[in-house]
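Please open the structure in your viewer and keep the selection tool at hand. The tour below goes from stop to stop, saying what to select and what is found there.

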Amino acid sequence: MYPKKELAQLVISACHQFNIDTVVISPGSRNAPLTIGFSNHPEIETLSVVDERCAAFFALGIAQQKQKPVAVLCTSGSALLNYYPAIAEAFYSDIPLVVISADRPKHLIDIGDGQTIRQENVFEKHILFSANLIENPKFKTRNSQLIGEALQLATSQKGPVHINVPFDEPLYETVDELKEFHFPNISMSSLDNANIDYQKLANIWNNAEKKMLVIGVNYPDAELHSLMDLYSEDDSVLIFTETTSNLYHDKAINAIDQLIFSLDDEEFTALQPDILITFGGMIVSKRIKRFLRDYQPKHHWNIDEKKATNTFFCLSEFIQTKPVDFFSKFNKIINKKESDYQPKWLKIRDYRRIKHSEYLSQIKHSDFKVFEQALHSIPNHCQLQISNSAIIRYAQLFTLKNTLSVFCNRGTSGIDGSTSTAIGAAFANEKQTVFITGDLSFFYDSNALWNTNIPDNFRIILINNSGGGIFKIIPGPSTTDALKYFETPHCLTAEHFSKMYGFEYQKAYSTNTVSEALKDFYTASNQPKILEIFTPSLENDSVLKDYFKYIK
C-alpha cells in the first residue's frame, strides 16, 4: 500500500535511493501520504515518536551512531517548529538529519486555515539546504532536483536539511505500487590536499619549542587514535583531550581543568604554546578557552573539513581537510624535539591525579563523590552518553576507562534533548548505553521516555540535587537575590515516571547505598533501568570548590 500522490512517492523513492533506511514519524493527518508510504516500504524502518522535539533528538542520536542520514517526518503547523532545537544541534555537531515536513498548499497559507504557518525556509539560519516542493506534475523535474540536492548535501556535508512537502486533500488515497524515479547526481566539489603546503607547516613545527594539540568532540576513530601516538612520544608536544574526544593516551592531559584551574601567571606563561593545533567539535572547558585567549600561541592551526573555528581569537591557518588525512601526511615530515615541555607538565598532571584521588577518598556523599562511583562502575566497552551543564563538567575531571565511547550534545550545549539523544544512540548501537544526567535535563526532556523503542539494556543514572546546581558553581548567580530563578529548585523525583514508562527504578541517598545499587545495575533485565541518586544541594558546590584548592 503506497500513497496515490506522486509527490509523496517522489520523496519516498528519493530517500530509498539515497540510502535513508530509518524514518522517525510523529503523528498527524497532513503527513499521511508520506506516513503510509514510508511505513509500507520494505527497506525502510519506521519508528513512531509522538513528541516532535523528542523525535528529532531521538533521530539525531541514531544518526550520531550510524554516521549516516536519518529522517524525521511531521505534520504541518507548529509541529515542525519543535524540531528546531535538534536541527541546531545537528548543524553545529555535523550530524546528517533529514527533516521532512508536510505542509498546506500555498493558497491555504495566511487565510485563517487551521494548522498552518509559514514553513518554507523556516530553519534558514541553521540548515544546509531547504527544498520547498510544489504539488504539481509540471514541477516534477524541479522537485526531483531539489530533493536530490538536499539528500546529497546531508550525506556529503554532514548536517541537517529540510524538505517541505505541501499536500492538498484528499490525503489517504492509496495504490499498490511505488513508482521508480531517477534523481540526478549533483556534482559536489571534493576536498583534496593540493592547497595545503605541508612542508611550510612542517618547517614551522620543527623549529618550535612548545607545541600543543587540543582535541574536541570526535567520533571514535582507530586510525586517528593511532596517528596521535607520534605526538605522545614527542617531548615538545602536549596533548589535551576532552572527555568527548574519544582519544585515550597515557601521555595525554585528559582532565584539562584539573591541570590548569589554579595556575598563576608565571605557570600560564610557561604553558603557553608556540603552535596550537585544534580539531574536533566544540570545547567544553571554559578554562582552556580563557587560557589560550589570554596566552595566545604564535600559530593556531584548525583542521576541519567544513569550517574554520576561531575559538581562541588567534587563528592563523585553516587546514580544510579531514584530520586523518592531514596527520597521515604531516607525520611523515616532522621531527621530534628534545624538550622538558611535556615531561614537566605530565609530572604536574600526575601530582594532580594523586591529589584528586586523595580528596575523593575523604569527602562525603555529594555530586562529586557520586561521579567517582558512577564512572568507576560502568562496564568496559559501553557507550556513555552525558547530559549538559554541570554533568559534562564533572565528567571532565575524571580519567575514564579507555574502552568507553563518549558522547554529549555539545553543538549547542543545550539540555533540551539529552535523554532523547541518548535513547536514539542506544537504539542504534548494540553496546550497552549508560546515560548520566542531571535532574533539570531529565525532567525537561521527560517525554523522551514516551518511546517504545528503548532497549532493555539502557541505563540512566540520574543525579538529583533538586535544581540547577551549576548556578551555584559559576560566579554570578549566587551573588544576586534571584538565585531561585537561575537554579529552579524543585522536589520532583523520577519514581512515578519510571512506573508509567516501564523502567525498573532504584534510588540512593548515600555513598553506601549508591555502591549497593550499582552492584547489579548493569546486569541483564527485561526493562531499562533508572538509578536516581539524591545529593545535598546546599553542599555540592563547596565540595567542588574545595577540590580545586586541595589539588593545587
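The stops that follow take in a sheet, a helix, a cavity and a loop residue of this model, which is a predicted one.

**The sheet**

Begin by selecting the six strands of an open sheet, which come in the order β3-β2-β4-β5-β7-β6 and pair in parallel. At the edges of this sheet stand β3, residues 45-48, and β6, residues 129-132, and because each has a single partner strand, one side of each is left without a neighbour in the sheet. If you look along the sheet with direction ignored, neighbouring strands are turned against each other by 20 degrees on average.

Next, narrow the selection to β4, residues 70-74, and β5, residues 97-103, two parallel strands that are joined by five bridges. Which residue of β5 is the bridge partner of V72? Select V99, since V99 is the residue of β5 that forms the bridge with V72.

**A helix with a buried face**

Move on to helix α12, which covers residues 323-330, and colour its buried residues, namely P323, V324, F326, F327 and F330. When you turn the view to look down the axis of α12, these buried residues fall within an arc of 160 degrees, and therefore they line one face of the helix.

**The second largest cavity**

The model has three cavities of 30 Å³ or more, and the one to visit here is the second largest, which holds about 40 Å³ of space. To find this cavity, select its lining residues, which are Q385, I386, S387, C408, N409, S418, T421, A422 and F435.

Which elements each supply at least two residues of this lining? They are β15, residues 383-386, and α16, residues 418-428, and of the contributions to the lining that of α16 is the greatest, with three residues. If you then colour the lining by residue class, you will find four nonpolar and five polar residues, while charged residues are absent from the lining.

**A residue in a loop**

For the last stop, select T480, which is placed in the loop that runs between α18, residues 470-473, and α19, residues 483-487. Is T480 buried, partly exposed or exposed? Its relative accessible area is 36%, and because partly exposed covers the range between 20% and 50%, T480 is counted as partly exposed. Finally, add I463 to the selection and draw a distance between the two C-alpha atoms: T480 and I463 are 17 residues apart along the chain, and their C-alpha atoms are separated by 26 Å.

Key
Residues are numbered from 1 along each chain as its sequence is written. This is a predicted model: local features need pLDDT of at least 70, side-chain atom pairs count only at pLDDT 80 or more; totals for chains, interfaces and linings use all residues. Side-chain values use heavy atoms; hydrogens and water are left out. On a 1 Å grid over the protein atoms alone, a cavity is a set of points where a 1.4 Å probe fits but cannot get out, and a pocket is an open set with protein on both sides within 12 Å along at least five of seven lines; lining residues have an atom within 4 Å of a point. Grid points are joined across faces, edges and corners, and a volume is the space filled by probe spheres set on the points. Helices (H or I, at least four residues) and strands (E, at least two) are DSSP runs, numbered from the N terminus. Ala, Val, Leu, Ile, Met, Phe, Trp, Tyr, Cys and Pro count as nonpolar, Asp, Glu, Lys and Arg as charged, and the others, Gly among them, as polar. Two strands pair if DSSP finds at least two bridges between them. Axes are lines fitted to C-alpha atoms, for helices over the stretch in contact, and angles run from 0 to 180 degrees between N-to-C directions. Buried means under 20% relative accessible area, exposed over 50%, partly exposed in between (1.4 Å probe, protein chains only). The arc is that of the directions from the helix axis to the C-beta atoms.
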